[in-house]
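Visitor: I should like to learn how to read the surroundings of a ligand and a pocket. May we look at the structure together?

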Amino acid sequence: MLELKDLKVEVSGKEILHGVNLKINDAETHVLFGPNGAGKTTLLMAIMGFPEYKITGGSILFNGEDITDLPLHERARKGIGMSFQRPPTIKGVKTHQVIELSARNGISIDEAAKELNLGHLLNRDVNDGFSGGEIKRSELAQLMAQQPSFVLLDEPESGVDLENISLLGGAINKLLQKDMKRQRVNSGLIITHTGYILDYVDADVGHLLIEGIVPCAGNPREMLHHIKENGYEVCAICPTNC
Ligand SMILES: Nc1ncnc2c1ncn2[C@@H]1O[C@H](COP(=O)(O)OP(=O)(O)OP(=O)(O)O)[C@@H](O)[C@H]1O
Ligand SMILES: [Mg+2]
């Protein structure tokens, strides 16, 4: 569904990603690990098409089509959706308004809001004074309304308490169609530091982003265990393509 070929990305005149190769097939959920500042958010922003994240080399293929030069809104129309690590506050715009704007025909906003325990936030300005966990739930409600076929989730569980993680986990499973084995085609790429989300989302493949490249792929749980035991420094000098 998504393929990155030797992707190079520059932010504010500095190259952050030095040639990322990654392939995510239909119905697969991949997880991206990596130390702070490695370029994980940069990678997601570049895939989504934010112009500050300048693609200076390589290509992005989505369902076989080269979308490297497509503007953000056209990527969204093609079915790519993203929840942000730190989304902006938008004063003067109510949360229910953005959810309504993102909603595909036939999607019930009330249902998404209920599922994510968001009812009391719908009439407040987007993210204005929201707690960390409320921001993450609001982000996911927007995605549930948008119903993308490919989801990019940037640390969806950060700042979320353990009870609400199960709400998020359930919503993410729905987005990824994990609950409907037969028909599922949706795919995703999830950034996580803690790995809590792995308890709810059955991820297929893990990757490490380090020093601007993605050198390896493996079982996400085993990778997380390895990182917890040994840290990222060992990964940086690992000679194998595990
Ligand atoms: N707009 C920007 N201007 C200048 N530098 C930037 C900008 N955006 C990102 N960077 C730099 O690019 C590098 C990668 O940042 P990025 O946010 O992608 O890291 P990350 O892997 O998501 O880290 P974290 O785990 O802390 O979220 C960092 O050194 C960061 O300071
Ligand atoms: Mg980040």
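The dialogue below turns to the ligand and then to the pocket.

Guide: This is a predicted model, in which local features need pLDDT of at least 70, side-chain atom pairs count only at pLDDT 80 or more, and totals for chains, interfaces and linings use all residues. Residues are numbered from 1 along each chain as its sequence is written, ligands are numbered from 1 in the order in which they are written, and side-chain values use heavy atoms, without hydrogens and water.

Visitor: How many residues surround ligand 1?

Guide: A residue is near a molecule if one of its heavy atoms lies within 4 Å of it. Here 15 residues surround ligand 1, and Gly37, Lys40, Thr41, Thr42 and His193 are the closest.

Visitor: Which side chains have an N or O atom paired with an oxygen atom of ligand 1?

Guide: A polar contact is a pair of N or O atoms within 3.5 Å. The side chain of Asn36 has such an atom 3.0 Å from an oxygen atom of ligand 1, and for the side chain of Gln85 the distance is 2.9 Å.

Visitor: Where is the largest pocket lined, and by which residues nearest its centre?

Guide: Rolling a probe the size of a water molecule over the atoms shows where empty space is left. On a 1 Å grid over the protein atoms alone, a pocket is an open set of points where a 1.4 Å probe fits, with protein on both sides within 12 Å along at least five of seven lines; lining residues have an atom within 4 Å of a point. The largest pocket has 21 lining residues, with Met82, Phe84, Ser102, Gln142 and Gln146 nearest its centre.

Notes: Polar contact = N/O pair within 3.5 Å; in protein donor to acceptor, adjacent residues only side chain to side chain.
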